Amino acid sequence: MKKVVWISLLVLSTILFPLDTMAAGPPAVGGTLPNFTLPQPGSSAERDYLGISSRGNFSVPDIKAKVVLIEILSMYCPFCQKEAPIVNKLYEAIEGNPRYRGEIKMIGIGVGNSAYELDVFRKRYNVPFPLFPDADFMLHKLLGETRTPYFIAVRINDDRTHKVVYSKAGSLGEVTPFIENIAKLAGLK
Amino acid sequence: MKRAYCAGLFLMISALLTTPSLVTAQTHSEAFKDNIYETGTLKPRDSVLKVKVGQKAPDFTLPAVAGGKVTLSQYKGKKNVVLSFVPAAWTPVCSDQWPGYNITKDIFDAHETILLGITVDNVPTLFAWTNQMGQLWFPVLSDFYPHGKVARTYGVLRSDGVTERALFVIDKKGVIRYIDVHDINKRPPLEHLARALEKLN
């Protein structure tokens with residue numbers, strides 16, 4: 001009888017464990033992103049920026065870049081609101097530097113935000129990079145239910161494999177040292 | 001022995017299934033660090049409304065965190081009013097809801113509407129908590145003493161003394177035009193409130 005119980009426990013844990021690991025923690029440096037796709041961005045300009053095909057969902061390694069910086073945010077989070085101008089400056093600094101333009105791309109995921117709510121945030125802060133709503137917290141769960149804001153930098157290799165090189169909660173701090181650090185961690189020349 | 005194992009198994013499964021991370025979804029802003037008290041998943045609704053759409057909104061006067069008192073009827077003929085009851089300071093969801101409203105003043109302004117945030121916490125607690133949200137453009141009122149009197153009048157005081165997560169839209173004539181007593185565990189989508197405000201005109 002003991003055996004039967006232990007076997008059923010084992011079976012159950014394999015069923016339940018994947019659910020549990022979904023919220024085990026944010027993506028670790030050196031590891032990969034969980035499997036998820038994002039819908040087409042709102043405008044063709046954003047699609048061009050990301051360099052993705054115009055059909056269907058895409059995943060982060062499909063983005064035409066050497067490094068993708070993901071900000072996990074929420075319209076409702078006061079620190080994300082405070083961080084928004086800094087994040088915009090980061091985008092401008094990347095786009096204004098020939099070393100980084102086209103090599104580092106940025107996206108944001110609005111956890112628990114409807115499309116309407118995320119659009120309020122976009123307009124309020126003139127967010128220049130693509131934002132994707134995660135109204136039902138699906139991505140938030142997959143990404144380890146991080147606090148917000150949270151930044152993840154992913155190195156995309158030529159063969160579309162990828163590696164997380166930065167994964168941290170809180171403000172990105174000063175823009176210039178931040179970019180240089182990300183470039184160094186990602187091995188950009 | 002067999003029974004003990006089965007009981008253990010049952011407990012384990014129920015524990016796994018009720019782990020908050022699996023059933024609730026909420027974000028924490030870095031702004032509040034580790035100061036948010038985890039409530040777990042609560043009974044979605046635990047009170048009976050005492051007012052309805054089309055009725056005059058019961059008048060009240062409450063102390064404001066910024067000092068002084070605010071009376072609902074002072075806005076009569078001047079502004080529409082949104083009452084946002086949130087359950088309690090320093091809890092998940094609530095700690096996000098008002099910061100969201102804080103960046104949507106233009107939506108409220110466009111519909112000549114003032115927002116009044118209300119909880120049953122006392123003024124010092126509300127002061128410390130709302131300070132983490134940045135400068136709020138709307139009054140935050142304390143329905144602390146007599147405890148939850150306004151919440152009780154509207155029928156949104158729960159049995160444990162906190163309030164529902166409830167929104168009331170009151171027009172310039174003082175008539176209730178919209179009520180959303182939301183699942184306490186979830187944040188009401190902003191577009192629902194925005195739509196209710198659009199209907200005022």
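In chain B, strand 4 (residues 113-119) runs parallel to strand 5, and 3 bridges join the two. Strands here are DSSP runs (E, at least two residues), as helices are (H or I, at least four), numbered from the N terminus; two strands count as paired if DSSP finds at least two bridges between them. One bridge partnership is that of I118(B) with L141(B) in strand 5 of chain B.

Before I continue, this is a predicted model, in which local features need pLDDT of at least 70, side-chain atom pairs count only at pLDDT 80 or more, and totals for chains, interfaces and linings use all residues. Residues are numbered from 1 along each chain as its sequence is written, while chains are lettered from A and ligands numbered from 1 in the order in which they are written.

The strands just named belong to an open sheet of 5 strands in chain B, ordered 5-4-3-6-7 with mixed pairing. Its edge strands are strand 5 (140-142) and strand 7 (176-182) of chain B, each pairing on one side only.

Let me turn to chain A. There, 5 strands form an open sheet in the order 3-2-1-4-5, again with mixed pairing. Strand 3 (131-134) and strand 5 (162-169) of chain A each have a single partner strand, so one side of each lacks a neighbour in the sheet. Strand 1 (residues 67-73) and strand 2 (residues 104-111) of chain A pair in the parallel sense over 7 bridges, and L73(A) stands opposite G110(A) in strand 2 of chain A.

Finally, confidence: chain A averages a pLDDT (the predictor's confidence in each residue, from 0 to 100) of 90, and 88% of the residues score at least 70.
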